[in-house]
Amino acid sequence: MLIEETPYVREKLDGFGSALKHPFAAVVKQQGRRFQSAFEWCSGIGEIGMTLLRKDLCTRLCLSDINPEAIKIAREIAARDELTDKIDFFVGNNLSAIPASLKFDLVVANPPNYFNIQPAHPFGKLYANDLRPNDRGWKLHEEFYATIGAHLLPDAVMLIEEVEPYKKEVFFHHPSGYTGPYDVRDEIPMSAFERMTSKNGLKIKDVSLLTTSDGVAIYVLKIVAA
Ligand SMILES: C[S@@+](CC[C@H](N)C(=O)[O-])C[C@H]1O[C@@H](n2cnc3c(N)ncnc32)[C@H](O)[C@@H]1O
């Protein structure tokens, strides 16, 4: 069995990148360029980024995540697939581990997507302290948009996945029949992301539907220099 398909990795480290990697690669391909230096922010085990390398959509890749275990697995996958020479691996909070000298022409991400996971929701209990879904108050996003500019080449494109960015509440069906929201946002996330990008010299150029899962819409925001 492939490392990334073992039950432990799927249950504890996969943040849905296994399902998103091919649709994501299709969106990267649509940009009509071969990128020189790609960065997967909040990479986990790096499935999205490594798919771009395998499909020859980028030349080099940088992976960074706060979870050392995820990066350890990313290293193992890269070694198996003889991709190690093309990847820089970092462990750290947000962008803190990325050297100032590293610049990117592509940033991709499936970051934590939920603002205030509800403890009353049966999945909420399960994921309350899980690093993968939680970005309480959008603190991680806020800091990312304030600091990523220093790592962007002039023609850089960022493709950032977001869950239901036009909705203040996100609902997931649960077999128990629970009907309350899983996530509650204080405003539609697009308003927050527009504010964060515009105040940091960036603009959301395009928003496209990537896929839907269990009736929940997953979009990609294309962000470039303003
Ligand atoms: C939704 S998961 C996505 C993982 C992977 N990109 C995928 O698609 O499966 C979000 C990732 O963000 C990481 N993360 C959470 N908080 C972080 C932080 N403060 N700095 C860096 N990474 C963080 C988690 O460890 C997790 O791997």
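Strands β1 (residues 35-41) and β4 (residues 104-109) pair in the parallel sense, with 4 bridges between them. Within this pairing, W41 sits opposite A109 of β4. The model is a predicted one, and everything below should be read with that in mind.

The β1-β4 pair is part of an open sheet of 7 strands, laid out in the order β3-β2-β1-β4-β5-β9-β8 with mixed pairing. At the edges stand β3 (87-91) and β8 (202-213); each has a single partner strand, so one side of each has no neighbour in the sheet. On average, neighbouring strands here are turned by 15° against each other, direction ignored. As a reminder, strands of a sheet pair through backbone hydrogen bonds, and they can do so either parallel or antiparallel.

Both kinds turn up around β5. On one hand, β4 and β5 run parallel and are joined by 5 bridges, and F104 has L152 of β5 as its bridge partner. On the other hand, β5 and β9 run antiparallel, with 6 bridges joining them; here E161 is matched with V220 in β9. Strand β5 is also well covered: 9 of its 12 residues are buried, so β5 is largely enclosed by the rest of the structure.

Now for the helices that lie on the sheet. Helix α3 lies across β1, β2 (58-65) and β4, and runs at about 170° to β2. Helix α7 (residues 189-198) packs on the sheet too, where it touches β5 (152-163), β8 and β9 (216-225). The direction of α7 makes about 145° with that of β8. In total, the chain has 7 helices and 9 strands.

Helix α3 comes up again at the ligand. The ligand is surrounded by 22 residues, and the closest are G15, G17, C42, G44 and I66. Two elements give two or more residues to this shell, namely α2 (17-30) and α3 (47-54). Sorted by class, the shell holds 10 nonpolar, 8 polar and 4 charged residues.

Back at the sheet edge, T211 is worth a look. This residue belongs to strand β8. Is T211 buried, exposed or partly exposed? With 16 other C-beta atoms within 10 Å, T211 counts as partly exposed, because the buried class starts at 20 such atoms and the exposed class stops at 12. Setting aside neighbours within four places in sequence, T211 is in contact with P23 and I218. The contact with P23 spans a long stretch of sequence: T211 and P23 are 188 residues apart along the chain, yet their C-alpha atoms are separated by 7.6 Å.

Long-range contacts like this show up across the chain as well. Of the contacts with a separation of 6 or more, 65% are between residues 24 or more positions apart. The overall dimensions fit a compact globule: for 226 residues, the radius of gyration would be near 17 Å, and the chain has 17 Å, which agrees. Along the principal axes, the C-alpha atoms fill a box of roughly 50 × 45 × 30 Å. Buried residues account for 37% of the 226 residues in the chain.

How values were computed
Residues numbered from 1 in each chain as written. Predicted model: local features only at pLDDT ≥ 70, side-chain atom pairs only at ≥ 80, totals over all residues. Near = placed C-beta within 6 Å. Nonpolar A, V, L, I, M, F, W, Y, C, P; charged D, E, K, R; others polar. Pairing = 2+ DSSP bridges. Axes fitted to C-alpha atoms, helices over the stretch in contact; angles between N-to-C directions. Contact = placed C-beta atoms within 7 Å. Rg over C-alpha atoms; globule rule 2.2 N^0.38 Å.
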